[in-house]
Amino acid sequence: MSDSRFLCLEKMTLSYGKNVAVPDMDLDIGKGELVALLGPSGCGKTTTMRAIAGLMEPASGKIVLDGTDITRVPANKRPVGLVFQSYALFPHLNVYENVAFGLKLMGVKGSELDKRVIDGLKTVGLSQYATRKPAELSGGQQQRVSLARSMVMEPKVLLLDEPLSNLDARLRLEMRTELQRVQKESGVTMIFVTHDQVEALAMADRIIVMLDGHIEQIGTPEDIYNHPVSDFVADFVGFENVFERVGNTIKTANGDVAIAGDIDDATKGLAWRPSMVTLGDGPFEGTVRGTSFAGGTREYLLDTPLGQIKAECDASLPAHDFGAVLKFDLPVHKAAQLARTGSL
Amino acid sequence: MFQNRAEAFALVLPAAIFAGAIFLVPVLILLSEGFRSADSWTIQAYIDFFSQSLNQAVFLRTLKLAAMVTAASAVIGYAAAFAIVNLPPKGKGRVTGLIVLPLMISPVARTYAWIVILGRTGIVNQALVAVGLSDEPIRFLFTETAVFIGLLQLFLPLMIISLISALENMPRDAVPAARVLGANWLQVFTKVILPLTKEGLVIGGTLVFTGSMTAYITPAILGGSKVLMLETLLYQRVTMANDFVSASVIALILIVMAFAANLLLKRLATARNKR
């Protein structure tokens, strides 16, 4: 076992009855990595996580953790922690008892138990809430109790299901930093599931983009953000203008449109973020069908012969009115060149 | 909703008069029968009742059978309810319907069905003899076992339904969370499911216990005079001996036991919670 293959999924297939949710998945995760499983709902990311935790048995394939095949090891015997999206705190137990739950089952008791529970609560800044019941805590606090409850078990892998989705915007930022801190301090291998690309980009060392049960792309946040491999990933990370490419043309709703610039032979598609669209100049024309002010920038929705185009420019520039006809360009040198299309 | 209390009061009055005249007053009259003597109030009837060994035996048997039925229905009920709650929605509706179905069939019909099954020439005996597990038919009818089986079948649905709703109100991920934190299935049950569903267990337990204690048809048909329970004894005292004093005594015993069972179950539930 090497550190880069700390957790390995080997040809893992997950199914609900006859419905295959995740077919033949191969994935290696390194020791101490902070990995995001990113994808839309129903892409199999939560199912994958439940399988790693042992809450679902793979129909075939293997799960190997730290050199040990854990495919048939029951959930309660796996060195894996899971923080549920609903937090899943035990409502009949107070904060202290919730955090002590797993440790007691492990046979930890007395002052050792007390120390580990208190340390766990300190790590998440909740030591003064030990005697509260979960119902008396805010969502963010419940989230942190749930985190502490898993962390005190010192799992080899900690899984988090949509850890930030139930929190409001400010708490989300706070919790993001908190999770990163806990991960760096403890060195635990952490995998979190999210449908929010911003979250994945901000927190993860590595992102695994999933679609329809398979892995669409694996890469660093920079890779994913700048070099999406497929039209799906491109769209998911904000390239809102995605086209299939044939030769020197792009396919649009109104036929093929010639486009100037150097394109790799292997490129199957081209994608532009709204900010990459040149507004006010260029070979194409579009009619403004919508505008929205986004602080530093102003976004435009254009009706064009290429279909709808989303463009964006500095908000300090004068605004274009609804119905105005604007020239624009899709510069090839800025576009993301996609190796695959057809998954959108 | 109402402008004043008088309106609400006026609406509830007919029901209150009906319940008072038809239910409460006769019950009080009946119960007072047990405390009356020539010139004053006394508990002599209760002392007399419990001094007879037959009555003691019937009292203890009633208590024992009701407790056994309650315990058995809790064990079977938890397993069934847990399985049902984890079914997909469609299957859940169907199976719940099947469980409720017996409640819609006359208890007399249901109880007679047990005679077909448990009788000397019933299905069970035929099978036992055919397989060679028994040389001759075993007597099931008119035994405590028969009454136990009949009562369990009668009241199990109430327990299952109480537990289904309790289990459905449990936080969705509580069980998987306990599993991931290292709990085996027994620990999941004792440390998570039981404390979180104890209200349902108390309700189901009270229903099954009081139901078993006060059931008449099942012990009458499956137990007969060989396996008397308080309810069948009460009926016997009234119809055969015209003994309304004993009837009154038994009635109050049944009421007190029902309340006691409820209190005891609640106490057990909270005691477990504190630990």
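**Domains of chain A**

I began with the distance between the two domains of chain A, and I find the C-alpha centres of domain 1 and domain 2 to be 38 Å apart. I keep in mind throughout that this is a predicted model. The domain assignment places domain 1 of chain A at 3–228 and domain 2 of chain A at 232–338. I then looked at where they touch, and noted that nine residues from domain 1 of chain A and nine residues from domain 2 of chain A make up the contact. On the side of domain 1 of chain A that touches domain 2 of chain A, β9 (206–211), β10 (214–219) and α7 (221–226) of chain A each supply at least two residues. I sorted the residues of that side of domain 1 of chain A by character and obtained five nonpolar, three polar and one charged.

**Chain A as a whole**

I recorded eight helices and 19 strands for chain A, whose C-alpha atoms fill a box of roughly 75 × 45 × 35 Å along the principal axes. Chain A has 344 residues, of which 42% count as buried. When I took the contacts in chain A between residues at least 6 apart in sequence, I found that 66% of them join residues at least 24 apart.

**Nonpolar cores**

Which residues have the most contacts inside the largest nonpolar core? I find that they are Ala36(A) and Leu159(A), in a core of 106 residues. Helix α2 (residues 95–105) of chain A gives the most to this core, with six residues. I note that this core lies between domain 1 (3–228) and domain 2 (232–338) of chain A, because both give residues to it. Following Leu159(A) outwards, and leaving aside residues up to four places away in sequence, I listed its contacts as Met49(A), Ile52(A), Ala53(A), Val80(A), Gly81(A), Leu82(A) and Ile191(A). Apart from the largest core lies another, of 48 residues, and among them I noted Val208(B), Val227(B), Ala247(B) and Ile253(B).

**Strand β3 of chain A**

I next checked strand β3 (residues 34–38) of chain A, which is mostly covered, with four of its five residues buried. I see β3(A) joined by five bridges to strand β8 (residues 189–194) of chain A, the two running parallel, and within this pairing Val35(A) has Ile191(A) as its bridge partner in β8(A). I also find β3(A) running parallel to β9(A), with four bridges between them, and there Leu38(A) stands opposite Val209(A).

**An open sheet in chain A**

I then traced an open sheet of five strands in chain A, in the order β13-β12-β11-β14-β19, with antiparallel pairing. Its edge strands are β13 (255–258) and β19 (336–338) of chain A, each of which pairs on one side only. From one strand to the next, I read an average twist of 35°. At one edge, strand β12 (residues 249–252) of chain A pairs with β13(A) in the antiparallel sense over four bridges, and I noted Val257(A) in β13(A) as the bridge partner of Ile250(A).

**Contact between chains A and B**

Lastly I turned to the two chains, and found 17 residues of chain B in contact with 19 residues of chain A. How many residues does α8(B) give to the side of chain B that touches chain A? It gives five, the most to that side, and I noted that α8 (174–180) and α9 (185–214) of chain B each supply at least two residues there. By character, I divided the residues of the side of chain B that touches chain A into ten nonpolar, four polar and three charged.

Definitions and conventions:
Residues numbered from 1 in each chain as written. Chains lettered and ligands numbered in written order. Predicted model: local features only at pLDDT ≥ 70, side-chain atom pairs only at ≥ 80, totals over all residues. Domains from an automatic or database assignment. Contact = placed C-beta atoms within 7 Å. Nonpolar A, V, L, I, M, F, W, Y, C, P; charged D, E, K, R; others polar. Core = buried A, V, L, I, M, F, W, Y, C linked by C-beta atoms within 7 Å. Buried ≥ 20, exposed ≤ 12 C-beta atoms within 10 Å, placed from the backbone. Pairing = 2+ DSSP bridges. Axes fitted to C-alpha atoms, helices over the stretch in contact; angles between N-to-C directions.
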